Amino acid sequence: MKITVRVWRQANPSDEGKMVGYDLDDVSEHMSFLEMLDVLNERLTLEGEEPIAFDSDCREGICGMCGLVINGLAHGPERTTTCQLHMRSFKDGDVIDIEPWRSSSFPVVKDLVVDRGAFDRIIQAGGYISAPTGSAPEANNLPVPKENADHAFEAATCIGCGACVAACPNGSAMLFTAAKITHLGLLPQGQPERASRVLGMVEQHDHEGFGNCTNIGECTAACPKGIPLDTISRLNRDLLGALAKGKA
Amino acid sequence: MTVNTQARTDEFTDIYDLGEPIADTRAPDVDVRQRWETRRFEAKLVNPANRRKLKVIIVGTGLAGASAAATLGEAGYHVTSFCYQDSPRRAHSIAAQGGINAAKNYRNDGDSIYRLFYDTVKGGDFRSRESNVYRLAQVSVEIIDQCVAQGVPFAREYGGLLDNRSFGGVQVSRTFYARGQTGQQLLIGAYQALERQVAAGTVINHTRHEMLEVIVADDRARGVIVRDMVTGEIETHFADAVVLATGGYGNVFFLSTNAMGCNVTANWRAHRKGAYFGNPCYTQIHPTCIPVSGDYQSKLTLMSESLRNDGRIWVPKKAGDDRPASQIPEDERDYYLERQYPSFGNLVPRDIASRAAKYVCDEGRGVGPGGLGVYLDFADAITRLGRDTVEAKYGNLFDMYAQITGENPYETPMRIYPAVHYTMGGLWVDYDLQSSITGLFVTGEANFSDHGANRLGASALMQGLADGYFVLPYTLANYLADGPYEPIDETHPAAVEAKQQVTDRIEKLLSINGTRTVDSFHRELGTIMWEYCGMARTEGGLLKAIELIRELRTEFWRNVKVTGVNEDLNQTLERAGRVADFIDLGELMCIDALHRRESCGGHFRVESQTEDGEALRHDDDFAYVAAWEFGGDGGKPVLHKEALIYQNVEMKQRSYK
Ligand SMILES: Cc1cc2nc3c(=O)[nH]c(=O)nc-3n(C[C@H](O)[C@H](O)[C@H](O)COP(=O)(O)OP(=O)(O)OC[C@H]3O[C@@H](n4cnc5c(N)ncnc54)[C@H](O)[C@@H]3O)c2cc1C
Ligand code: SF4
Ligand code: FES
């Protein structure tokens, strides 16, 4: 099929950037979206033009490296990662707009590549269980009800892609933060640091300039892993509890 | 090139030279069960007050790197780590699906450390070191404890205890898992532990930094040259020891189940500086991947092997039969694995299943685009178990397949084809995980150590974490106990030289301005490797491949087109450097495969098979590790042999008939 893509080109963080259009004549419906961009990049290279910079690594929907806003939607029209999106979701003659995640906390590095270092810093602020190597008790000493373990797992499947931020009108990263709070807070091992974790992570979240959550729900709708909105309720409960106890 | 086919051990003296044998001198000479304890006791300790003065560089933040960085940071060393992605959490360990082995014997089904050791040595087709494998089995038990303490949400039973499954054709249930995302959960555990140390100030992590050279000063690894992938700045970092945890090199085949960025550059640069490369030709090819759909294909996706428990593999009996699967009647189908291997059927080991698929496709009986695929059919399973049961067991895999191919596997059989998945070869290390460069340690998939010629399922995750959490912290401390080493700075000739090598190469790549893209070279290399150094290898094919690769190298350095500049985020430049190293590695892989005139594990030499077409090892001639020394550009690599001695497990030929 024939399609036109309009791609955000921005040479560096201080460049203003603009949309540039490219026509593609021979797109197979079996190509992945990123393979379509690969093909375009091969052509641009041969024409002596700089290829479009975009991030991807696993191309299996698990590493969280890819992420494009496609026709205004984070990761595009299907509920999946950009790398798992295929051209069969589009049709002949389509004009497709491709932009980077838009958030002041994710500054554009070049073209479609952004800096998501803020997510690592939120984890540094408490998104862990302190378990020095060698100090662990026998694994089966502490049974975990299957239901809790399963819920913890579901929250832990967050891939840190940042689509939730890109989709949120407030640019909030609450879904990402809440997924971690939920994962660790549902496990017995996560209890001792529960209060300090939520305080630290939320403080860092705000410090990075992410917006407030006003329960709009765009994040969950865009999340390729289906992290549910109730993780945010859990975060809020933990936060209120921790604040009530006084700073841990 | 002249070929002498007289004896198996004849050397191709025009292609490589034979060097002195080498040996592992670090494993204590006591019973295998006591070796690790003895080594740990003998290892020198570092006074906690001195640790802060000792710097360690760790390249890689996968399971092997992140676990080491977290543990060494916690212990008080001054750690600097690097990864090429934008976050340490994205290392390719994240993609592992199936699970991680540990000899916990929670099932009381006869498992033990000794049995895991035995299975892994046998699974490696008697080409791994008993000492290392035994230690791996020993520490496997601690890994699970460590991960659970960190909050890794493994699958559990209703009673709240950890669940296990059986994996990769072994008879005990020793695999721990977190649905189909075990690698992700283990890596996030290690990543969080790493970030905790970053917050504590013991680890400095640099993302989007690619290591391009190792600094070997006064015969010790003392630092690395890295490129800041955003600004292009070439940085020099020094340390008392360097650890490479940079993963596998399956992308030498272009198409593999590895991530786009997986590379051999760190390993190859170290190899050029004196680190021996162990068994480069040992590659694992996984039978159940989604086939190639077109020439734009950028990577391949693995689907869990568990599918073979209920799916039946077949192709049409007639070559060139292009009717849709539903129109091919039962008696015109060939369930070739069930036919050839009646007792194991569709569950034969990975390499046998892969090769069988290749053969039927070579006969023109393959299905799907280009005839490179075989059917994996669930129709019988759906009739027998009901659609709901099949969906409960494999639903997520079916969805993934449907997502990628646009076909519904409940209605039409899946198409699968083998793909490169794991590389058992890697930098040669001793029992301490130290390479042949003093002070350079190598862990995880990047080293050659524990899997011999073939890796069992669920044992790579185990190895990465064993190395990082439990082995390296002792053996590296033993090395650091003699430090801090004499401080060096950017004016040291070794640092100047290494930096110059990096800048010269980048300048060269940017100046060629030829007519072919980097990817076109990578694809061509991949085609050569897959054709001649893939599932079945012959002497003639390998000799041809070596010639083709040499031509490709010349063409690459004459005609590659790398756009842009160094002082920028330049993904073409990144790829160009990696492909250049893959070309050199590809040649060495073919040389290694050529010299090993036997079949073992993932290395199948057509000339060495039984009457039934089974792999035939030659233990008298080849029970050794091939450790290759770099022979200079245009020079011949030098082969050093490390003899493998089996004191505990008796060497046997395998049979799956
Ligand atoms: C699809 C798939 C499924 C798998 N499933 C299983 C399974 O079920 N069970 C199992 O046991 N094993 C499995 N494996 C194998 C296993 O996942 C890997 O062998 C293992 O995770 C490798 O870990 P690692 O830490 O050695 O390397 P990786 O996780 O690959 O990490 C490499 C690190 O090195 C960095 N790096 C590389 N080069 C450079 C450079 N030049 N400069 C700077 N940084 C660099 C990367 O950024 C990354 O951080 C699977 C593999 C694949 C591909
Ligand atoms: S919560 Fe969902 S959208 Fe947000 S980072 Fe995690 S996986 Fe991505
Ligand atoms: S590239 Fe890894 S999730 Fe898309």
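## A loop residue in chain A

His75(A) sits in the loop that runs between strand E4 (73-74) and strand E5 (95-99) of chain A. Its backbone is worth a look: His75(A) is not a glycine, yet its phi is positive, at about 70°. Keep in mind throughout that this is a predicted model.

## How chain A is divided

Chain A splits into domain 1 (3-110) and domain 2 (116-244), so His75(A) can be looked up within those bounds by its number. The C-alpha centres of the two domains of chain A are 29 Å apart. Where they meet, 17 residues of domain 1 of chain A touch 21 residues of domain 2 of chain A.

What does that contact bury? Between them, domain 1 and domain 2 of chain A bury about 1,400 Å², with 57% of it on carbon and sulfur atoms. On the domain 1 side of chain A, Arg79(A), Ser105(A) and Phe106(A) lose the most area to domain 2, and together they account for 42% of what that side buries. You'll find 0 salt bridges between these two domains of chain A, but there are 9 residue pairs in polar contact (both at pLDDT 80 or more). The domain 1 side of this contact in chain A is made up of 7 nonpolar, 7 polar and 3 charged residues.

## The pocket around ligand 2

Now for ligand 2. Its surroundings include four cysteines from one stretch of chain A and beyond, namely Cys158(A), Cys161(A), Cys164(A) and Cys223(A). Also around ligand 2 are Phe119(A), Ile159(A), Gly160(A), Gly162(A), Ala163(A), Leu175(A), Pro224(A) and Ile227(A). Sorted by class, the shell around ligand 2 holds 10 nonpolar and 2 polar residues, with no charged ones.

## Where chain A meets chain B

The contact between the chains draws on 74 residues from chain A and 76 residues from chain B. About 6,100 Å² is buried between chain A and chain B, and carbon and sulfur atoms give 53% of that area.

How many salt bridges run between chain A and chain B? The count is 6. One pair that forms a salt bridge is Arg116(A) with Asp86(B), where the closest N and O atoms are 3.0 Å apart. Polar contacts turn up as well, with 43 residue pairs across the interface of chain A and chain B (both at pLDDT 80 or more). On the chain A side, at least two residues each come from helix H1 (33-46), strand E6 (108-110), strand E7 (113-114), helix H2 (117-124), helix H3 (146-156) and helix H5 (174-185). By class, the side of chain A that touches chain B has 37 nonpolar, 20 polar and 17 charged residues.

## How chain B is divided

Chain B has a domain 1 assigned in two pieces (5-12 + 500-643) and a domain 2 (286-421). The C-alpha centres of these domains of chain B lie 30 Å apart. Their contact takes 7 residues from domain 1 of chain B and 14 residues from domain 2 of chain B.

Domain 1 and domain 2 of chain B bury about 850 Å² between them, and carbon and sulfur atoms carry 57% of it. Three residues stand out on the domain 1 side of chain B: Arg523(B), Trp530(B) and Met535(B) supply 56% of the area it buries against domain 2, more than any other three residues. The count of salt bridges between the two domains of chain B is 0, and 2 residue pairs are in polar contact (both at pLDDT 80 or more). The domain 1 side of this contact in chain B has 4 nonpolar, 1 polar and 2 charged residues.

## Ligand 1 and a cis bond in chain B

Ligand 1 has 38 residues around it, and the ones that come nearest are Gln85(B), Ser93(B), Gly98(B), Met211(B) and Glu445(B). Which atoms do the polar pairing? An N or O atom in the side chain of Gln85(B) is 2.5 Å from an oxygen atom of ligand 1, while for Ala64(B) a backbone N or O atom lies 3.0 Å from an oxygen atom of the ligand. With Met211(B), a polar backbone atom is 2.8 Å from a nitrogen atom of ligand 1.

One last backbone detail: the peptide bond from Gly483(B) to Pro484(B) is cis, with omega near -5°. Pro484(B) belongs to the loop between helix H12 (460-480) and helix H13 (493-512) of chain B.

Key: Residues numbered from 1 in each chain as written. Chains lettered and ligands numbered in written order. Heavy atoms only, no water. Near = heavy atom within 4 Å. Nonpolar A, V, L, I, M, F, W, Y, C, P; charged D, E, K, R; others polar. Contact = heavy atoms within 4.5 Å. Buried area = accessible area lost by both parts, 1.4 Å probe. Salt bridge = Lys/Arg side-chain N within 4 Å of Asp/Glu carboxyl O. Polar contact = N/O pair within 3.5 Å; in protein donor to acceptor, adjacent residues only side chain to side chain. Helix = DSSP H or I, 4+ residues; strand = E, 2+ residues; numbered from the N terminus.
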